[in-house]
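Student: I would like to learn how to read the contacts and strands in a model like this one. Where should we begin?

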Amino acid sequence: MTLTLDPDRLFPVDPATRAVARGLYQRVAELPIISPHGHVDPRLLLDNEPFGDPAELFIRFDHYVTRLMHAAGVPLTELGIPSRTGGTPVANPREVWRTFCTHWHLYAGTSSGYWLRHEFATLFDIDVQPSEATADALFDLIQAKLATDEFRPRALFARFNIEVMATTDDPMDDLVAHRALAADPSFTGRVLPTFRPDAYLNPAAPGWVERVAALAAWNGSDVSSYAGYIEALAGRRRFFVENGAVSADHGVLQPLAVDLAPAEAAELFGRALAGELTAAESRVFAGHMLLEMARMSVEDGLVMTVHPGVFRNHSSATFEEFGPDTGHDIPVTTTYVEAMRPLLEKYGNNPDFHLVLFSVDETVYSREIAPLAGFYSSVYIGAPWWFLDAPDAVLRFRAAVTETAGFYRSSGFIDDTRAFLSIPARHDMSRRLDAAFLARLVCEGRIDLDAAERIIVDLVDALPRKVFKL
Amino acid sequence: MTLTLDPDRLFPVDPATRAVARGLYQRVAELPIISPHGHVDPRLLLDNEPFGDPAELFIRFDHYVTRLMHAAGVPLTELGIPSRTGGTPVANPREVWRTFCTHWHLYAGTSSGYWLRHEFATLFDIDVQPSEATADALFDLIQAKLATDEFRPRALFARFNIEVMATTDDPMDDLVAHRALAADPSFTGRVLPTFRPDAYLNPAAPGWVERVAALAAWNGSDVSSYAGYIEALAGRRRFFVENGAVSADHGVLQPLAVDLAPAEAAELFGRALAGELTAAESRVFAGHMLLEMARMSVEDGLVMTVHPGVFRNHSSATFEEFGPDTGHDIPVTTTYVEAMRPLLEKYGNNPDFHLVLFSVDETVYSREIAPLAGFYSSVYIGAPWWFLDAPDAVLRFRAAVTETAGFYRSSGFIDDTRAFLSIPARHDMSRRLDAAFLARLVCEGRIDLDAAERIIVDLVDALPRKVFKL
Amino acid sequence: MTLTLDPDRLFPVDPATRAVARGLYQRVAELPIISPHGHVDPRLLLDNEPFGDPAELFIRFDHYVTRLMHAAGVPLTELGIPSRTGGTPVANPREVWRTFCTHWHLYAGTSSGYWLRHEFATLFDIDVQPSEATADALFDLIQAKLATDEFRPRALFARFNIEVMATTDDPMDDLVAHRALAADPSFTGRVLPTFRPDAYLNPAAPGWVERVAALAAWNGSDVSSYAGYIEALAGRRRFFVENGAVSADHGVLQPLAVDLAPAEAAELFGRALAGELTAAESRVFAGHMLLEMARMSVEDGLVMTVHPGVFRNHSSATFEEFGPDTGHDIPVTTTYVEAMRPLLEKYGNNPDFHLVLFSVDETVYSREIAPLAGFYSSVYIGAPWWFLDAPDAVLRFRAAVTETAGFYRSSGFIDDTRAFLSIPARHDMSRRLDAAFLARLVCEGRIDLDAAERIIVDLVDALPRKVFKL
């Protein structure tokens, strides 16, 4: 079976609406990519080594892809993911690729399937569907391209027309890769670090005490000093700012902000170091630290992004054998209104503060996020994320938030990906969907075509620049 | 840029479906407006004075409009809202209007933007988009029209073809304006009061003790008498009924009904007056009073409407400086099934009782409200309200409730607005969307055209009359 | 007014998309019906007696149908449902039918209306709308057909092209009807029992002690023996397996799994028999038993289906007078992620275990069920159920789950019905909607036509066979 890419893909099926969508899309199709939040490793660009093989590139590290084969009964070792507890060896890359091609039908209708098809067609000129029969030939074809200079990371970065790309980094990261890239005159792209302090803020996170100790050591303060802990976090944030960071990202199970007096916070901190906090007290301390992070954002200007509502590592056995990010993070119900109120009361209308709220629980879009972003000047509506970064989900998102908050309270698209090669596919998908949504509103007589033409450019260009202070 | 009004706006884009929608809409486009729930001040019609200026008319009192500019960083004083704590003076009307015109792009795709455009085009014959460049001319144009007799409230009331309009009133309101209007032979519209007792029922509401005292004084009973309190509420309801009221409206954070024995209720009442209730006890007492209101509705026939799930005055600082209804009321998760069961157990199938359930949490439409209204003869499905009174949200609403409850358990449209000039735009929007929804079902072979033709007239005419006992 | 059946019903309105949908539908329109979960009484087929009359057939036992008339104020006795507390006699069948025909407009846009119309047109060649005027003639027409041999249950079973149909049965049922059908050489259909043990697992269910006693008596163990109780349940499951059962069905208010040590469970069991459990303890014991049922499913191979989230018998007065299944079961919020984790931790990736998760709370589709089914090899996504088994709801379901989990993690259609005559209408509706959904994806360039052609056949045929081990 042939693999083709419909030039009108994702546009509405009604011919007149499709024509409007096509026209809107053409205004932004070639604009540079702005990627203010993602998970690509900066060393990829620093080292600029060729990618290893198709399995490493498309499968092993992409838990969106491995999960559906796992659900179909394929052991993760057969997808190239090594067992940490010994036992079964991993399959070799060609076997992993064959397994994937054999299961290609599982991805029909999924966002991963959509992105992969885009990548196969646009980057590798593949014109046959992956299948057991075509697996080996496709492996060889991709492998051969990966060995060429045009497929080295920097060449792709240029080809993808990425103007700026943020990574996600540990607060104690030395940012050597970012600094080296910035200092390299032969690389002109902007690759910015992002401060991601979750594991340093939540006493219930494994290794929290060690991380606090590392902060103290860096700061030259005593481990037991709460003031030193706060000072160290502020200091590390400054270091990130100095190295180009524009945002601090917070992944929390529930978006809770708690306003503790310093003495209360210090007391909890001390007992946390002693391992004496209850689960509820840990949540309170972590909620206090989220508020502290907002305070620091007001001071140092880092945009605060919140990605809540994911129960991580749902399958303990899988986590123990294969580690995190192996496909079993599951969304839970999320609510912002009361739990985040202490933060919004303090900083919600601070003119320098930018707070981007994401969700994997769709119910908050119309109920909470759009109303909050429609009043608080700091609050921006995060683009659909993770499980919701998919065509129908994106259109549901736009329909849910726009009538309350318009277009100008949304963050612009965020690809949030580890999969470097998928970045153009994801941004292109977003642009097509914005065109589709706007075209429907135009054809329903709800907005004017000239307004839509302005809005789509703003969504792709002006809004992410403004929201992320780029 | 020109401003036009598409005669086919809000109809489906598919040409055949659009033609059916157009035909259905034409059957109801000119029917009189029945507005059984809203917030227009009856003095507006009694006094019949000209509206002040465009800023007062469209901006200052419409928190749907001010909120998006506030989110964009515009201080409320610049929108004409006076600070209660002194400080910054308010901008003058022309400046307010200019600020609005400059921010007009923020409203693209919002329901406020949709309504305003309708009002500009149909009432003021405006044919240019608001912008910094056109602001002054538009101000003068609107101002000039407002000075004419055709733009006085009563003339507009007649032009809008409003047959009946309910207001929302404090239980101790003397209803002088309603009585004067009813007695005025030169005004033939029906303007009905609505009994809205929230602040008299919830001990946690600011001023509850004073309100209880006012009830007691009117009733001639002792403030501390629970029986007198109940008697006074029943008496005030009778007074409203005598003055034309058809419904009692209840705005509660959560829709809770509690069945207390009279002695328990009296005991809580006494402690409430002494300021001794915990927050939980206040909720219990307020839940008991909701059940009492249902009991009284069974007795006096007032339709009971419940508008739950809004966290009011989320930003304390804004509330303190600018008061309530300034744009920061935020929806929360709502659930009816268990919390309202005591009320439905008692009165749910009472043939004279009408209970209209609204929600700003869309998740209850298919899950709770449609199933409840599909069994209990008292329960009607409230029209999409507040943040959900918008084109896509209304279509989601119809799709969510119709398959379970059909068309004949819904309340008919309720504009729920303070903005008098927006009433025709809102009813017209609702009629267009019902036509759009029905047309899709016709073209999908799910209902017959003649059934759709009957249904759309019933939705606009028969249902609100029946549900609100008009 | 005429009653017709649009051959293109439920297909998308866009002509090009409609053509694709039509083609996809034609590939599955005539495939045999696989019905792995439902509520038809097996004695219907064993006895093969003619159906009584139109009222008995279409109204009295179908609480989807009676509920909307009840909401319109029709007493249940007038619909043929006898009062258990004496009082009003029931209306006779012809009167019941007249009442229904008079209220036919209430069903416009509902799934019941859709199915009934299909049944009227395809089975009875009815070509006029039910109404007061046509009621008697329709009654006679249907009555006459029911008296013919082609309308006996077995003839309809053959005409409906049902390959396999599961019933729902009490664990202590002797399955005599199933065995007699299986042994009857003149009946070649497969009618399989389903093990439905809710009332035996939840100490808070009325009659639990008596049911435990019945299990013990069958097992020859002491009532007070927890080991005997477990043994008896396993034994009854084996009996069901021996008689063709492929699944065990669990209807729970909340999907809770609790992992108790045997001694803890035995202690709760003993206190439950003594009537000493708190409501919370009952929930814990029932949660433990759900986990035990999963353990037994792993051992005996019965597919585990979970139907949670329905508050049964919401109106006590109606329940007391008319019994269960009389129209007032109401959905509540449901969540799986944390509450079902103990079960998924133990058996979620067991290769022989199949767990089908249903919901009447749509919010879990994208948030929980699709992500869980996209990782755990045991988890399948249950088809939209009960209030959600309707055209728009089904399309929302597909849109909510497919982008995360693809098509191959869904269970295939389940009609879940007591209404034998509605089975073809329901399966046909599902096939049309899958065709509609796939056609949209094809026309939006998201999947290839040949993939869609494979998928629709798999959804109707391969998936239910695989998921239900048929």
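Tutor: We will go through an interface, a strand and some salt bridges in turn. Keep in mind that this is a predicted model.

Student: How many residues of chain C are in contact with chain A?

Tutor: On the side of chain C there are 42 residues, and they touch 48 residues of chain A. Between them the two chains bury about 3600 Å², with 54% of that on carbon and sulfur atoms. In chain C, the residues that lose the most area to chain A are C:Arg367, C:Phe375 and C:Glu403, which together account for 21% of what that side buries.

Student: What polar pairing is there between chain C and chain A?

Tutor: The count is 24 residue pairs in polar contact, both residues being at pLDDT 80 or more. Five helices of chain C, namely α16, α17, α18, α19 and α20, each supply at least two residues of the side that touches chain A. Of that side, α17(C) gives the most, with 8 residues. By residue type, the side of chain C divides into 18 nonpolar, 10 polar and 14 charged.

Student: How should I read a salt bridge?

Tutor: Side chains of opposite charge can pair when their charged atoms come close. Across the interface of chain C and chain A, the rule finds 4 salt bridges. One pair is C:Asp448 with A:Arg117, at 2.7 Å from N to O. There is also a network of salt bridges that links A:Asp392, C:Glu403, C:Arg440, C:Glu444 and C:Arg446. Over all chains the count comes to 108.

Student: Which parts of chain C does the salt bridge of C:Glu163 and C:Arg465 tie together?

Tutor: Their side chains meet at 2.7 Å, N to O. C:Glu163 lies in strand β2 and C:Arg465 in helix α20 of chain C, so the salt bridge ties together parts that are 302 residues apart in sequence. C:Glu163 counts as partly exposed because its relative accessibility is 28%, and C:Arg465 counts as partly exposed at 25%.

Student: Where do C:Glu345 and C:Arg341 lie?

Tutor: Both are in helix α16 of chain C, 4 residues apart, which is about one turn of the helix. The closest N and O atoms of this salt bridge are 3.2 Å apart. C:Glu345 is partly exposed at 29% relative accessibility, and C:Arg341 is partly exposed at 22%.

Student: Is B:Asp329 buried or exposed?

Tutor: B:Asp329 counts as buried because its relative accessibility is 3%, where the cut-off for buried is under 20%. Its salt-bridge partner B:Arg312, at 35%, counts as partly exposed. The closest N and O atoms of the two are 3.7 Å apart. B:Arg312 is in the loop between β6 and α15 of chain B and B:Asp329 in the loop between α15 and β7, 17 residues apart.

Student: How do I read the two faces of a strand?

Tutor: In a regular strand the side chains alternate between the two faces of the sheet. From β5(C), C:Val303, C:Thr305 and C:His307 point one way, while C:Met304, C:Val306 and C:Pro308 point the other way. All of these residues are buried.

Student: Which strands pair with β5(C)?

Tutor: Strand β4 of chain C pairs with β5(C) in the parallel sense over 6 bridges. Strand β8 of chain C also runs parallel to β5(C), joined by 3 bridges. C:Val306 shows both pairings: C:His250 stands opposite C:Val306, and in β8(C) the bridge partner of C:Val306 is C:Leu357.

Notes:
Residues numbered from 1 in each chain as written. Chains lettered and ligands numbered in written order. Predicted model: local features only at pLDDT ≥ 70, side-chain atom pairs only at ≥ 80, totals over all residues. Heavy atoms only, no water. Contact = heavy atoms within 4.5 Å. Buried area = accessible area lost by both parts, 1.4 Å probe. Polar contact = N/O pair within 3.5 Å; in protein donor to acceptor, adjacent residues only side chain to side chain. Nonpolar A, V, L, I, M, F, W, Y, C, P; charged D, E, K, R; others polar. Buried < 20%, exposed > 50% of the residue type's maximum accessible area, 1.4 Å probe, protein only. Pairing = 2+ DSSP bridges.
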